[in-house]
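Here are a few exercises to work through with the model on screen. Grab your viewer and try each task before reading its solution.

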Amino acid sequence: MKTFKKMIGICGWLVYIGFYVYVLYIWKDIPEQIGSHFNFQGEIDKFGPRSSLYIILIVIAFLYMMMLAVERFSCSWHSTLERQKENMTMAVQCYIACMRVYIMVCLIYVFQHSIHVTPLSSFFMPVFISGLSILSICMGIYMLHSSRKGNRL
């Protein structure tokens, strides 16, 4: 579990830093008018200036740092067994790390469509919501099973 957590953490940082390097590299090629809002069907329903991307970049950085902080300080399990508490904390940290990477990849996808002024795929919202749901359900079942058995995660 610790190796998995480290691997996901490294992937998360590579995606995060790579995204900002990519944005710096293509900034001059981004058109002055970009898509700034997508409806549920994935169609652009509002346009804005290129400078509106600053807000998106700040929001992405804020979300990433907040999820990183929650992952680091998720040690508030109430358990009488210290080993079980340590295992549950590791599971929660792995779950949050996976969510962080998944959300970053989805935000990068939306960002790409925004700067190229192309609609999102009609499958984006169902796939995004399903991905979040499946990740949450799998982690919940895993944590529930492990906490009942007292097994190491």
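**Exercise 1.** Find what Ser114 touches, not counting residues up to four places away in sequence.

Solution. Start with contacts, meaning heavy atoms within 4.5 Å. With that cut-off, Ser114 touches Ile34, Gly35, Ser36 and Phe38. Next, place the residue: Ser114 sits in helix α3. Helices here are DSSP runs of H or I with at least four residues, strands are E runs of at least two, and both are numbered from the N terminus. Finally, check burial: Ser114 has a relative accessible area of 3%, and buried means under 20%, exposed over 50%, partly exposed in between (1.4 Å probe, protein chains only).

A quick note on the model: it's predicted, so local features need pLDDT of at least 70 and side-chain atom pairs count only at pLDDT 80 or more, while totals for chains, interfaces and linings use all residues. Residues are numbered from 1 along each chain as its sequence is written, and side-chain values use heavy atoms, leaving out hydrogens and water.

**Exercise 2.** Work out which helices supply the largest nonpolar core.

Solution. A nonpolar core is a set of buried Ala, Val, Leu, Ile, Met, Phe, Trp, Tyr and Cys residues joined through side-chain atoms within 4.5 Å. The largest one has 14 residues, and Phe19, Ile30, Leu53, Met104, Phe111 and Ile115 touch the most other members. Now look at the helices: α1 (2–26), α2 (53–72) and α3 (82–115) each give at least two residues. Of these, α2 gives the most, with five.

**Exercise 3.** List the contacts of Ile115, leaving aside neighbours within four places in sequence.

Solution. Select Ile115 and you'll pick up Ile26, Ile30, Pro31, Ile34 and Leu53.
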